[in-house]
Amino acid sequence: MSASVDESGAANVGPARRYSAENLRRALRTRPALMLVGFAGTLAAWYISVELLKLPRFRELPGLTAVVREWISTDPVYGVSLFTPEYYKHIAASIVRVAIAFTLSTGLGVPLGLLLGWSKRLREYIFPVFETLRPIPALAWVPLAILMFRGTETPVIFLTFLASFYATTLNTMLGVQSIDPTYIRAAQCLGAGDRQIFFHVILPGSLKYIFSGLQLSIGVAWFSLVAAEMISGEYGLGYLINAGYTMTAYPTIIIGMVTLGVVGYATSALVGWIGKRLMAWRSDEMSDAN
């Protein structure tokens, strides 16, 4: 039996039931469960605010059921759903643009950040200019981007690259500056030159900041991409959102926004996973060397 009655008449819960309840509580405290609760709460708040209570400022928004119905429809009213090729063309166009911009920002931002953190003189020359340009939003660069680059694709990639480049460079520089100077002095005492210090102390010591910066960088890239695609481009999630507003296809706006969030989260998680794998590989390599 899983339960018994003690002398006072109270029922004692047996081990099987007790362990089952404990396992359930433990499962509900896991990250996937908490994520599901968070998403469920958000969707419930959306449904209640828009469709049930019809709160001011919310009653004109598309409801949860309307968006889901449009999203999974084989014959969508506004032309975009999971079953239309155009939906995936928009996603693919945005992913390609972000991939190009992110690759460029990583290839340029990481070396520049390492040099800015390593060389005080170079930092005094470049960093004031860098900090002056960094607060300028991507939308402010739109006229100059159109003048500098021909076509519609290159300006979008340039605008996406800018914010990503700033995030990558700044975090890399902070990573170099976070290294304890004792390690550098110890390497110098052992006869290491500047090149050896750079590759064996500076670069490994700043890897954690570099990958944190890359995760931030790709998120900022998606943010800038949407602003750029709203102005220029034939395909892309930003273009889809703007076209939905222009044509009063409000469910399409939500579909584009949610898709953007899912794809952006996936790319950021991918960069974080790669960073953890490389950091683990580096730790194993150093352990083997010791």
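This short presentation goes through the fold, the nonpolar core, selected buried residues, the aromatic pairs and one surface patch of a predicted model.

Good morning, colleagues. I begin with the overall arrangement. The protein has 290 residues, and 37% of them are buried. Its secondary structure amounts to two strands and twelve helices. In order from the N terminus, both strands come before the helices, the run being β-β-α-α-α-α-α-α-α-α-α-α-α-α. If we take the contacts between residues at least 6 apart in sequence, 63% of these link residues at least 24 apart. The exposed surface comes to about 18,000 Å², and 66% of that is supplied by carbon and sulfur atoms.

Let me turn to the interior. The largest nonpolar core holds 50 residues, and those touching the most other members are Leu114, Leu159, Ile202 and Trp222. Which elements give two or more residues to this core? They are α4 (85-118), α6 (142-148), α7 (153-177), α8 (181-189), α9 (194-205), α10 (207-231), α11 (237-246) and α12 (250-289). The helix that gives the most is α7, with eleven residues.

Leu159 deserves a closer look. Once its neighbours within four places in sequence are set aside, Leu159 contacts Ala138, Trp141, Val142, Ala145, Ser224 and Ala228.

Two buried polar residues come next. Ser164 is located in helix α7. Its relative accessibility is 0%, so Ser164 counts as buried. Excluding residues up to four places away in sequence, Ser164 touches Phe102, Ser105, Ser217, Val220 and Ala221. The second residue, Thr252, belongs to helix α12. Thr252 is buried because its relative accessible area is 4%, under the 20% limit. Beyond its neighbours within four places in sequence, the contacts of Thr252 are Tyr78, Leu240 and Gly244.

I now come to the aromatic side chains. The count of aromatic pairs is ten. One of these pairs is formed by Phe149 and Phe158, with 5.0 Å between the centres and 45° between the planes, a tilted arrangement. Are these two rings buried or exposed? Phe158 has a relative accessible area of 16% and is therefore buried, whereas Phe149, at 26%, is partly exposed. Another pair joins Phe198 and Phe199, which are sequence neighbours by number; the centres are 5.3 Å apart and the planes stand at 85°, so the geometry is edge-to-face. Here too the two partners fall into separate classes: Phe198 is buried at 16%, and Phe199 is partly exposed at 40%. In addition, one aromatic cluster is made up of Phe127, Phe130, Phe161, Phe165 and Tyr166.

Finally, the surface. Which residues make the nonpolar surface patch of about 600 Å²? The patch consists of Tyr47, Ile48, Leu52, Leu53, Leu55, Phe58 and Leu61. Leu52 lies in helix α2, which covers residues 31-52. With a relative accessibility of 53%, Leu52 is classed as exposed, because the class begins over 50%.

To summarise, we have a predicted model with twelve helices and two strands. Its largest nonpolar core has 50 residues, to which α7 gives the most. On the outside, a nonpolar patch of about 600 Å² includes the exposed residue Leu52. Thank you for your attention.

Technical notes: Residues are numbered from 1 along each chain as its sequence is written. This is a predicted model: local features need pLDDT of at least 70, side-chain atom pairs count only at pLDDT 80 or more; totals for chains, interfaces and linings use all residues. Side-chain values use heavy atoms; hydrogens and water are left out. Patches are made of residues with over 30% relative accessible area and no salt bridge: like charges are joined within 9 Å, nonpolar side chains (Val, Leu, Ile, Met, Phe, Trp, Tyr) within 5 Å. Accessible areas come from the Shrake-Rupley method with a 1.4 Å probe; for residues, only the protein chains shown count as cover. A salt bridge is a side-chain nitrogen of Lys or Arg within 4 Å of a carboxyl oxygen of Asp or Glu. Helices (H or I, at least four residues) and strands (E, at least two) are DSSP runs, numbered from the N terminus. Buried means under 20% relative accessible area, exposed over 50%, partly exposed in between (1.4 Å probe, protein chains only). Rings of Phe, Tyr and Trp (its six-membered ring) pair if their centres lie within 6.5 Å; planes under 30 degrees apart count as stacked, over 60 as edge-to-face and the rest as tilted. A nonpolar core is a set of buried Ala, Val, Leu, Ile, Met, Phe, Trp, Tyr and Cys residues joined through side-chain atoms within 4.5 Å. Contact means heavy atoms within 4.5 Å.
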